[in-house]
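Here are a few short exercises to work through at your own pace. Have a look at the picture, try each task, and then read on for its solution.

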Protein chains: 2
Amino acid sequence: MADPFPLPEPMRLALSLAQAAARAGEVPIGAVVARDGKVIAMGENRNRRDKDPTAHAEIVAIRAACAALGQERLTDCDLWVTLEPCPMCAGAIAHARIARLYYGAADPKGGGVDHGARVFAQPQCHHRPQLFPGLGEEASARLLRGFFAERR
Amino acid sequence: MADPFPLPEPMRLALSLAQAAARAGEVPIGAVVARDGKVIAMGENRNRRDKDPTAHAEIVAIRAACAALGQERLTDCDLWVTLEPCPMCAGAIAHARIARLYYGAADPKGGGVDHGARVFAQPQCHHRPQLFPGLGEEASARLLRGFFAERR
């Protein structure tokens, strides 16, 4: 029987990027920048591989999208990511002028959108994307739980 | 007459990096990563030149320091920056495990340390650097005022 609620293609792609990250020993988080439904760039967590504390999936995808489009701002682009962004990534999303942010699982321990720093809710935030949380959250949370359970 | 309160060398270097950024048409902000007083890496704002919304001085310096040291974490390193970091950069500073953060001018409109998101004050923040605000704030604010006055 076909899935009655299939996930949008960019979120399915983000989940497959998260799986690839896990296979490489990275915390399984994936991100996709899309415009009008067309994928512009992809990112997976690369902190360990690149020895770069800023190489979260969202930052990797945003930098790749800017390079692909040759522009500093991603106006009219959407970001799809498997986990609620941290404050660093939420700040980058605001700087990049991302139009819509779709994210999977909530992250009460490290998130900066609906938790803690609540970057987009601050008067200092110059741009707020439209927020669409919860898409693919079960698959995302399952990947993260499996990853950390294996390492315990 | 010699300056009775000379700025520490890393902050003077950060200010000269901010001046270099202004000459390149970038918002004048500079940053230096140092360890035991030795400069490990430098950064200036490169958003326009690199068409990269994440290329703030702090991120540029942190990525360069990690590349120079071949490690993901900058434990025992200090960051010197001419302006209060935004939430993106404060998040990166926490991820990088920077030991001490020295910053010049406060940034009530965009800062994320003493304003708005207050990233380091959140329970979701996994690492808080020691904070030393105000060093070189007059020179930093003067550079920023001059830059924006010319563009008005």
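**Exercise 1.** Find how many residues each chain brings to the contact, and how much area is buried.

*Solution.* In this predicted model, the contact takes 32 residues from chain B and 32 residues from chain A. Next comes the area: about 2400 Å² is buried between chain B and chain A, with carbon and sulfur atoms giving 63% of it. Now look at chain B by residue: Pro53(B), Glu72(B) and Gln124(B) lose the most area to chain A, together 25% of what that side buries.

**Exercise 2.** Work out how many salt bridges link chain B and chain A, and which helices of chain B take part in the contact.

*Solution.* Start with the charges: the count between the two chains is two salt bridges. One of them joins the side chains of Asp52(A) and Arg63(B), at 2.9 Å from N to O. Polar contacts come next, with five residue pairs between chain B and chain A. As for helices, helix 2 (47–50), helix 3 (57–69) and helix 4 (87–95) of chain B each supply at least two residues of the side that touches chain A. Helix 4 of chain B gives the most, with five residues. By type, that side of chain B divides into 12 nonpolar, 14 polar and six charged residues.

**Exercise 3.** Which turn lays chain B on chain A, and why do the copies meet through the same surface?

*Solution.* A turn of 180 degrees with a shift of 0.0 Å along the axis lays chain B on chain A, with an RMSD of 0.0 Å. That is how a two-fold axis relates copies. In chain B, Met88(B) has the C-alpha nearest the axis, 1.8 Å from it. Finally, compare the two sides: 100% of the interface residues of chain B are also interface residues in chain A, so the copies meet through the same surface.

Technical notes:
Residues are numbered from 1 along each chain as its sequence is written. Chains are lettered from A and ligands numbered from 1 in the order in which they are written. This is a predicted model: local features need pLDDT of at least 70, side-chain atom pairs count only at pLDDT 80 or more; totals for chains, interfaces and linings use all residues. Side-chain values use heavy atoms; hydrogens and water are left out. Contact means heavy atoms within 4.5 Å. Buried area is the accessible area (1.4 Å probe) that two parts lose on being put together, summed over both. A salt bridge is a side-chain nitrogen of Lys or Arg within 4 Å of a carboxyl oxygen of Asp or Glu. A polar contact is a pair of N or O atoms within 3.5 Å; within protein, one must be able to donate a hydrogen and the other to accept it, and residues adjacent in sequence count only if both atoms are side-chain atoms. Helices (H or I, at least four residues) and strands (E, at least two) are DSSP runs, numbered from the N terminus. Ala, Val, Leu, Ile, Met, Phe, Trp, Tyr, Cys and Pro count as nonpolar, Asp, Glu, Lys and Arg as charged, and the others, Gly among them, as polar. Copies are superposed by least squares on the C-alpha atoms of residues with pLDDT of at least 70 in both.
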